[in-house]
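Me: I have a model on my screen and would like to understand how its chains meet. Could we go through it together?

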Amino acid sequence: MELGKVVGTVVATRKDEGLKGRKIQVVNLVNCDMSATGEFVVAVDTVGAGVGEVVLVVRGSSARVTTGMSAVPVDACIVAILDSVEIQGKRVFDKARDL
Amino acid sequence: MELGKVVGTVVATRKDEGLKGRKIQVVNLVNCDMSATGEFVVAVDTVGAGVGEVVLVVRGSSARVTTGMSAVPVDACIVAILDSVEIQGKRVFDKARDL
Amino acid sequence: MELGKVVGTVVATRKDEGLKGRKIQVVNLVNCDMSATGEFVVAVDTVGAGVGEVVLVVRGSSARVTTGMSAVPVDACIVAILDSVEIQGKRVFDKARDL
Amino acid sequence: MELGKVVGTVVATRKDEGLKGRKIQVVNLVNCDMSATGEFVVAVDTVGAGVGEVVLVVRGSSARVTTGMSAVPVDACIVAILDSVEIQGKRVFDKARDL
Amino acid sequence: MELGKVVGTVVATRKDEGLKGRKIQVVNLVNCDMSATGEFVVAVDTVGAGVGEVVLVVRGSSARVTTGMSAVPVDACIVAILDSVEIQGKRVFDKARDL
């Protein structure tokens, strides 16, 4: 999976039936230290993530294993909102401290 | 998923049975600010997107979850025509304004 | 999907059962203007493409959705031989004209 | 598959049901000589790998073939803890010697 | 699929059940002219390839379509040992001549 920060939303009236009613968000991918990788992905959110939150993104067919997504043409889903990331014993991200 | 702009079409007489009757389009991938990434993908269109429109592209096996695509050898589908993209509260793309 | 030009063939006596009798080709990936991307892929051909022809390549599990490929360990298939590519109303590739 | 070194962990309270109770780790991908590639992946650990250990990571839908993962939205799993890597007859990594 | 040269092996005692008894090899990916791409992949060998041999590697879910691999968490398999590669009518690789 990949780490990312939710930065925005995408609105589309004309879309595949499976995408109706889904919240489609823009996620900037980040490194472990929360610096931007310069890449982004458009993902369906299933955990209620808001702009600014650090999330876990799952890609590929596994995105369809996310709850309620089996019949949705989606290749990226937000599957978790992160509380913290710890690298080599150091807390590099802490939601309560950093957001 | 990825954002892209439809720029053209591909015509092929000799092709896999599953691709017969499909509209195959060339999509230039774009960043959130609609600048070109320099990459493109050839995708089957299922939502009636025209050249110039900004679309959402789904890749991999999920492309086959798009309506009517389950038996089609396709790894990229246009699944939505975008109305708008909002990043950090700013409308970076608005179909009515920008196209 | 991706655009490519067939440039050669691969021969292997010792191989997985599923690959027996398959034509395995080397495809140089190209941009829309037919310039080389510098990347190539080894793909199973199912439409009878010859060296020099411009083709459409499908990747991943969708390669196995190509006719006759469901039990073949293949992650790339040639699924179409292109007649033409039109970008922004300009014919950038025309088989009858360019080959 | 890819080689990596476990460097940390990710904690998330709000997450997809399938991820509940899973150990989610940060893995820095490494080359055969154990030098860092500069890339990392967030993976679910199913073999009990600890920080500092060199592991094998499987990606994509195959991550869900890992024991107990079939209904989990996961695109990367740690599937082995490496004892040694031998390249051209030279032992480039040996857990007993190097860790 | 991709071309590669087998350069070594990986040994792991603690691993997913599905990987038990499998030969896990390190494969350096090569271009058509057999020059190294600088990338490598760890793949399960099912055709008895030895170090130094030029092989065909299949990736993703298709690796599990390789004989005996359906329940194995593997995203890359060696599916053929190459005899020759011919590009633009020129034999760029010939096992009998080059190895």
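Reply: Gladly! One term before we begin: a salt bridge here is a side-chain nitrogen of Lys or Arg within 4 Å of a carboxyl oxygen of Asp or Glu. Bear in mind, too, that this is a predicted model.

Me: With that rule in hand, how many salt bridges are found across the interface of chain C and chain E?

Reply: The two chains certainly meet, since 30 residues of chain C are in contact with 26 residues of chain E. Polar contacts occur as well, in 16 residue pairs. For salt bridges across this interface, however, the count is 0.

Me: Which three residues of chain C lose the most area to chain E?

Reply: Chain C and chain E bury about 2,100 Å² between them, with 55% of that on carbon and sulfur atoms. On the chain C side, three residues together make up 27% of what is buried. They are C:Arg14, C:Phe40 and C:Asp75.

Me: Which strands of chain C each supply at least two residues to the side that touches chain E, and how does that side divide by class?

Reply: The strands are β1 (2-11), β2 (14-15), β3 (23-30) and β4 (36-45), each supplying at least two residues. By class, the side of chain C that touches chain E comes to 18 nonpolar, 6 polar and 6 charged residues.

Me: Which residue of chain E stands opposite C:Lys15?

Reply: Look at β2(C), which is joined by 2 bridges to strand β6 (residues 76-81) of chain E. These strands run antiparallel. Within β6(E), the residue opposite C:Lys15 is E:Ala80.

Me: Now for chain B. What area is buried between chain C and chain B?

Reply: Here 27 residues of chain C are in contact with 30 residues of chain B. Carbon and sulfur atoms give 54% of the buried area. The area itself is about 2,100 Å².

Me: Which three residues supply more of the area that chain C buries against chain B than any other three?

Reply: Their share of what chain C buries against chain B is 28%. The residues to pick out are C:Met1, C:Val65 and C:Asp83.

Me: How many residues of the side of chain C that touches chain B are charged?

Reply: On this side, β5 (54-59), β6 (76-81) and β7 (84-87) of chain C each supply at least two residues. The side has 15 nonpolar and 9 polar residues. Between chain C and chain B the count of salt bridges is 0, while 16 residue pairs are in polar contact. The number of charged residues on the side of chain C is 3.

Me: What is the bridge partner of B:Gly8?

Reply: Strand β1 (residues 2-11) of chain B is joined to β7(C) by 4 bridges, and the two run antiparallel. In β7(C), the partner of B:Gly8 is C:Ile87.

Me: What kind of axis relates chain C to chain E?

Reply: Chain C can be laid on chain E with an RMSD of 0.0 Å by a turn of 72°, with a shift of 0.0 Å along the axis. That relation therefore belongs to a five-fold axis.

Me: Which residue of chain C has the C-alpha nearest the axis?

Reply: The C-alpha in question lies 5.2 Å from the axis. The residue is C:Ser61.

Me: And how far apart are the closest C-alpha atoms of chain A and chain C?

Reply: No contact joins these two chains. Their closest C-alpha atoms lie 10 Å apart.

Notes:
Residues are numbered from 1 along each chain as its sequence is written. Chains are lettered from A and ligands numbered from 1 in the order in which they are written. This is a predicted model: local features need pLDDT of at least 70, side-chain atom pairs count only at pLDDT 80 or more; totals for chains, interfaces and linings use all residues. Side-chain values use heavy atoms; hydrogens and water are left out. Contact means heavy atoms within 4.5 Å. Buried area is the accessible area (1.4 Å probe) that two parts lose on being put together, summed over both. A polar contact is a pair of N or O atoms within 3.5 Å; within protein, one must be able to donate a hydrogen and the other to accept it, and residues adjacent in sequence count only if both atoms are side-chain atoms. Ala, Val, Leu, Ile, Met, Phe, Trp, Tyr, Cys and Pro count as nonpolar, Asp, Glu, Lys and Arg as charged, and the others, Gly among them, as polar. Two strands pair if DSSP finds at least two bridges between them. Copies are superposed by least squares on the C-alpha atoms of residues with pLDDT of at least 70 in both.
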